[in-house]
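Okay, everyone, thanks for coming. I'll put the structure up now and we'll walk through it together.

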Amino acid sequence: MVRRALIIVIVSRRQCILGLLLLLAIIMTTAGSLAFLPVMGTNPLAGKVIAVDPGHGGIDGGSSHGSLREKNVTLTLSRILAKELQSQGATVVLTRNSDTDLFDGISVEREISISKEEYLQDRQAGRKTHSLDRAVAQGTRIPPPYRLGLRTRLIIASQHQADLLISIHTNKYRSPSARGSATLHQINSPASKRLAQAIQTHLGTLVPGRAQPDVIPDDFFLLRRSPIPAVIVEVGFISNARDREFMLSAEGAEAIAKAITKGLRDYFGNGLRQRLSVLFSSLPNLFAPPSVLVLGKP
Ligand SMILES: [Zn+2]
């Protein structure tokens, strides 16, 4: 019994040292990946580049209610969101800051050439191809002007090396009672889905009402072709009086900007928390009771 107790102490001490060495090794190996992440307590948005895209613009008014045009609502909301994100330390790129459709941001020839490349990549990767992408790539359809405008938005985001693309829109439905926010995410991007969930956690509470789910996968051009995590935020229904009044009011717009910003903070913050939880989840094993080890020894 005495010998066994002694062995336990020795093994415990050895295990402790082993544990500490392993912990040190883990910290050293993860230090590289943690180094570029925000330090605990600092702002997770600091140093991030966010592309904010006010939906529609110019001859593309988007949805409407009376004389109210979606393109104007999205521009106002996007400017306020940009300010809020900047105040939190992010660098913001607005894809447009005036009433423009961005249709002339890229030539038809260039769009056909990019579409060909993408179509080829889709086929090589065995991905399902979109009918319009296929038609443009094969030369049976000229890319429609709105596609040039959307491509321009993607190019602007990529030129500024944006980390995320947030496209701001308003919804519309024939029934004026339909209301509430929803965020659309890229179909095969877990990061985009996590971003949409993070945004809706806050925006869904602020602008509620839509039937669940309010986080929806979609393959709209912007989502389908964005190389960085992208979401389309449908802030509320332009066809619903309560949503409309809220979006158009200064307090409402401010609250919406804050809710989306909180979502982005959570999105980047969670990345750090996930890494730290991986690090700390290994600790209980290192300091586990040594009984099994002792009994297993001859
Ligand atoms: Zn829209």
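Let's start with a spot that catches the eye in the backbone. L102 sits in the loop that links strand 4 (91–94) to helix 3 (108–124). Keep in mind that this whole thing is a predicted model. Now, L102 isn't a glycine, yet its phi is positive, at about 65°. For background, most residues other than glycine have a negative phi. So is L102 buried or exposed? It counts as buried, because it has 23 C-beta neighbours inside 10 Å.

There's another one like that. Q161 has a positive phi too, near 50°, and it's a residue other than glycine. You'll find Q161 in the loop between helix 5 (145–159) and strand 5 (164–171). Here the surroundings are sparse: Q161 counts as exposed, because only 11 C-beta neighbours fall inside 10 Å and the cut-off for exposed is 12 or fewer.

Slide along to A162, in the loop between helix 5 and strand 5. A162 is buried, since 25 other C-beta atoms lie within 10 Å and 20 is enough to qualify. Who's around it? Leaving out neighbours within four places in sequence, A162 is in contact with V49, I50, A51, V93, A157 and I228. Take V93 from that list: 69 residues separate it from A162 along the chain, but their C-alpha atoms are 7.8 Å apart.

That sort of long-distance pairing shows up across the chain. Among contacts with a separation of 6 or more, 80% are between residues 24 or more positions apart.

Okay, zoom out for a second. The protein chain has eleven helices and eight strands. It runs to 298 residues, and buried residues make up 35% of them.

Now strand 1, residues 49–54. Five of its six residues are buried, so strand 1 is largely enclosed by the rest of the structure. Which strands does it pair with? Strand 4 is one, running parallel to strand 1 and joined to it by four bridges; in that pairing, V49 stands opposite T91. Strand 5 is another, again parallel, over five bridges, and there V52 stands opposite I166.

Hold on to I166, because we're going into the core. The largest nonpolar core has 46 residues, and those with the most contacts inside it are I50, I166, V231, I256 and I260. Helix 9, residues 250–281, gives the largest share of this core, with eight residues. As for I50, setting aside neighbours within four places in sequence, it's in contact with L85, A90, V92, A162, D163, L164, I166 and L264. So we're back at A162, which is on that list.

One helix to look at before I finish: helix 8, residues 241–248. Its buried residues are D243, R244 and M247. They cover an arc of only 100° around the axis, which puts them on the same side of helix 8. On the other side, A241 and E245 are exposed.

Last thing, confidence. The average pLDDT for the protein chain is 85, and 76% of the residues score at least 70. There are weak patches, though. Residues 1–11 stay under 50, and the model has seven contacts for them beyond four places in sequence. Residues 26–39 also stay under 50, with twelve such contacts in the model.

That's it from me. Happy to rotate the view if anyone wants another look.

How values were computed:
Residues are numbered from 1 along each chain as its sequence is written. This is a predicted model: local features need pLDDT of at least 70, side-chain atom pairs count only at pLDDT 80 or more; totals for chains, interfaces and linings use all residues. A nonpolar core is a set of buried Ala, Val, Leu, Ile, Met, Phe, Trp, Tyr and Cys residues joined through C-beta atoms within 7 Å. Helices (H or I, at least four residues) and strands (E, at least two) are DSSP runs, numbered from the N terminus. Two residues are in contact if their C-beta atoms, placed from the backbone, lie within 7 Å. The arc is that of the directions from the helix axis to the C-beta atoms. pLDDT is the predictor's confidence in each residue, from 0 to 100. Two strands pair if DSSP finds at least two bridges between them.
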